[in-house]
Amino acid sequence: MNSEEKPKNIVILAIESSCDDTSAAVVRDGLLLSNVTASQSVHEEYGGVVPELASRAHQQNIVPVVDAALRRAGVERRDISAIAFTRGPGLLGSLLVGTSFAKGMSLAMRVPIIDVNHLHGHVLAHFVRTAPDDRVPEFPFLCLLISGGNSQLIVVRDYNDMEIIGRTIDDAAGEAFDKCAKVMGLPYPGGPHIDRL
């Protein structure tokens, strides 16, 4: 490559299937081009996520969600540099759907795959920009992570240098909202209803 040639843009297709939402995003050089999520209403009847139903819904949703993410981003499959997927933590069946899809697509397209720790993904989401001039945090910073069964205070010194300095020992904040809403007779998920009230 001569000095006038620009390096090829890095386009990553990211797949998230750790719980009850099937999501796919397309990122080019840290800039978010699209983010598509299919939520699962099947769990409302039970007042919480049913793992087997979640994994079945992921199987139904993953192809249309990935297709929609690529279309909205204006990206062809041949433009993808790598495929990222959620490795865990999460519901085993749900994770298997995303992992299997990512592995199959990467083999078919002959592109690398990147396994992502779900919680690290939340912390590092601060570095995904939605506009070219978006600011990102400087290291070190303190992060409050609230996700599913995980609530943590994390000192983030670098992309791969994080230290958990505090965590819940029971349910996370979101689960507490859902349980309170259930006792109050509010629909699932309870967080938005309690927040509105």
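Phe-85 touches Ile-15, Gly-98, Thr-99, Ala-102, Ile-113, Ile-114, Asp-115 and Val-116, leaving aside residues up to four places away in sequence. The model in which these contacts occur is a predicted one. Phe-85 belongs to strand β4, which runs over residues 82-88. Its relative accessible area is 6%, and because buried means under 20%, Phe-85 counts as buried. One of the residues it touches is Thr-99; Phe-85 and Thr-99 are 14 residues apart along the chain, and their C-alpha atoms are separated by 6.2 Å.

From this residue the view can widen to the whole chain. The protein has five helices and eight strands. Their order along the sequence is β-β-β-α-β-α-β-α-β-β-β-α-α. The C-alpha trace spans about 65 × 40 × 30 Å along its principal axes. For 197 residues, a compact globule would have a radius of gyration near 16 Å, and the 18 Å of the protein agrees with that. Of the 197 residues, 35% count as buried. Among contacts between residues at least 6 apart in sequence, 52% join residues at least 24 apart.

The surface can be described in a similar way. The protein exposes about 12,100 Å², and carbon and sulfur atoms supply 54% of that area. It carries 18 positive and 24 negative charges, and the mean positions of the two sets are 5 Å apart.

The interior comes next. The largest nonpolar core has 22 residues, of which Leu-13, Val-26, Val-66 and Ile-83 touch the most other members. The elements that give two or more residues to this core are β1 (11-16), β2 (21-28), β3 (31-39), α1 (51-73), β4 and α2 (92-109). Helix α1 provides the largest share, seven residues. Apart from this core lies another, of eight residues, including Leu-119, Phe-127, Phe-141 and Ile-154.

Ile-83 shows what surrounds one of the well-connected members of the larger core. Not counting residues up to four places away in sequence, Ile-83 touches Leu-13, Ile-15, Ala-102, Met-105, Ser-106, Val-111, Pro-112, Ile-113 and Ile-114. Among these, Ile-15, Ala-102, Ile-113 and Ile-114 are also touched by Phe-85.

Ile-113 can be followed further. This residue is found in strand β5, which covers residues 113-117. At 32% relative accessibility, Ile-113 counts as partly exposed. With residues up to four places away in sequence set aside, Ile-113 touches Ile-83, Phe-85, Ala-102, Lys-103 and Ser-106. Ile-113 and Ser-81 are 32 residues apart in sequence, and their C-alpha atoms are 9.2 Å apart in space.

Helix α1 also holds His-58. Is this residue buried or exposed? His-58 is buried, with a relative accessible area of 0%. Its contacts, not counting residues up to four places away in sequence, are Ser-17, Cys-19, Asp-20, Asp-21, Thr-22, Gln-40, Ser-94 and Val-97. Arg-28 is 30 residues from His-58 along the chain, and the C-alpha atoms of the two are separated by 25 Å.

The remaining points concern the backbone. Most residues other than glycine have a negative phi, and most peptide bonds are trans. Where does this chain depart from that pattern?

Two residues have a positive phi although neither is a glycine. Asp-29 has a phi of about 50 degrees and is found in the loop between β2 and β3. Its relative accessible area is 40%, which makes Asp-29 partly exposed. Arg-110 has a phi of about 60 degrees, and its place is in the loop between α2 and β5. Arg-110 counts as exposed, at 78% relative accessibility.

There are also cis peptide bonds, each leading into a proline. The bond from Gly-88 to Pro-89 is cis, with omega near -5 degrees. Pro-89 lies in the loop between β4 and α2. The bond from Phe-139 to Pro-140 is cis as well, with omega near -10 degrees. Pro-140 lies in the loop between α3 (118-124) and β6 (141-147).

How values were computed. Residues numbered from 1 in each chain as written. Predicted model: local features only at pLDDT ≥ 70, side-chain atom pairs only at ≥ 80, totals over all residues. Heavy atoms only, no water. Helix = DSSP H or I, 4+ residues; strand = E, 2+ residues; numbered from the N terminus. Rg over C-alpha atoms; globule rule 2.2 N^0.38 Å. Buried < 20%, exposed > 50% of the residue type's maximum accessible area, 1.4 Å probe, protein only. Contact = heavy atoms within 4.5 Å. Areas by Shrake-Rupley, 256 points an atom, 1.4 Å probe, with all protein chains shown as cover. Lys, Arg positive; Asp, Glu negative; His and termini not counted. Charge placed at Lys NZ, Arg CZ, Asp CG, Glu CD. Core = buried A, V, L, I, M, F, W, Y, C linked by side-chain atoms within 4.5 Å.
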